[in-house]
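Me: I would like a close look at one part of this protein. Please pick a single spot, explain where it sits, and describe what surrounds it.

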Amino acid sequence: MHRWFVSILAALTTIAAASAQTLYIPASANAEGVNQTRWRTDLQVKAQGGRAAAFTIELLESRADNRNPISLAYSLNANESLRLGNVLETEFTFTGTAALRITATGGRITATSRTYNDDPGGTYGQTVPAVAEEDGVGPESQSTLILLSRSADPSAGFRTNLGLVNLADASTAVDIDVHAADGTVIGTLSRNLKPYEHRQFNDIFDMVGAGDVADGYAVARTTAQDGSFLAYASVVDNGSGDAVFILGSVDLIPTPAADRLVVFESFLRPG
C-alpha cells in the first residue's frame, strides 16, 4: 500500500512538473538606437481559462550570466490582463536590452509584447511574441531564419540583426551559418552563451564580411547535449527605421544515412 501511494505521488509530481508553464519574450529594450531612435518594450499578460493566475517576470540581461536574475511577482483575477508599458524602465529600472522569462506560478497565462521606437511624431515597431520554453532548439534540431537581407549603403535597403537566448543553466555554444538565397554559405559565426544569456548581433551579414545581400537566410544550431536556445531576427529598414520581427522556425537536423552491409547469396542446383 505504501509503495502504491509513493508511486502515485511520484507520477502526480512528474505530471505537475511537466505542466509548469514558462514563456520567453526573446527580446526587449529600453535603449537608444541608431539614427536617434529610442526603443521601448510594452508587455501584456492575461490569465487563461477563466481562472485567476499568478506569475513572475525575470530580467535576462544581455551579455550576462542570468542564473540569479531580478524577479518580480504579479497576480491576475480571472479573465484579467495586465499591460506594463516600457516594462524594463517602469518595473526593473533597467536601461539596455534583455530577454524576459515569464513563469506561471498559478493558473495559466498568455503573453505578448511590442518593441517600438518612441518617436515624438508617433511610434513604430514590431510585435515580439512569447515563446514556450519547450519550443527551444536542442542538439537534434536547428533554427532557420528567412526573409533576411542587407544593404551596404546604410541609408537604403535593410539591415538584419540576429538574436539568441540561451534556455539552459549552463554555457551553450551556438553556431550560426549565414547563407545567400541559393544556399551558399557566406560565413559562420560561433559564440559561447553564458547561462540564460540574451545576445543580439547587429548587422549579422556585415559581421561575416558580406556586402549587399538582397535575399538570404541564417541557420543556428548547437551540439551541446543539454543545450537549448531560441533564435530570432529583426530586419530593419535603413530609411525609416521600421523593423520586422522573425522568429526562427525549428527544423530537425537530417540524420546521415548509415553504411549498410548487404550480402548477396546465390544457390546452384543440379540441372
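Reply: What follows looks at glutamate 140 and then at the sheet beside it in sequence.

The model is predicted. As a setting, the protein has 3 helices and 18 strands, and buried residues make up 44% of its 271 residues. Among contacts with a separation of 6 or more, 74% join residues 24 or more positions apart.

Glutamate 140 belongs to the loop that runs between strand 9 (131-132) and strand 10 (141-150). Glutamate 140 counts as exposed because its relative accessibility is 66%, and the cut-off for exposed is over 50%. Leaving aside neighbours within four places in sequence, glutamate 140 is in contact with Leu252 and Ile253. Threonine 222 is 82 residues away along the chain, yet the C-alpha atoms of glutamate 140 and threonine 222 are separated by 8.5 Å.

Strand 10, which follows the loop, is part of an open sheet of 5 strands in the order 13-12-15-10-18, with antiparallel pairing. The edges of this sheet are strand 13 (185-193) and strand 18 (249-252), each of which pairs on one side only. From one strand to the next, the twist averages 25 degrees. In general, strands of a sheet pair through backbone hydrogen bonds, either parallel or antiparallel.

Strand 10 and strand 18 are joined in the antiparallel sense over 4 bridges. One of the residues involved is threonine 144, whose bridge partner in strand 18 is serine 249. Leu252, a contact of glutamate 140, lies in strand 18 too, given that this strand covers 249-252.

Key. Residues numbered from 1 in each chain as written. Predicted model: local features only at pLDDT ≥ 70, side-chain atom pairs only at ≥ 80, totals over all residues. Heavy atoms only, no water. Helix = DSSP H or I, 4+ residues; strand = E, 2+ residues; numbered from the N terminus. Buried < 20%, exposed > 50% of the residue type's maximum accessible area, 1.4 Å probe, protein only. Contact = heavy atoms within 4.5 Å. Pairing = 2+ DSSP bridges. Axes fitted to C-alpha atoms, helices over the stretch in contact; angles between N-to-C directions.
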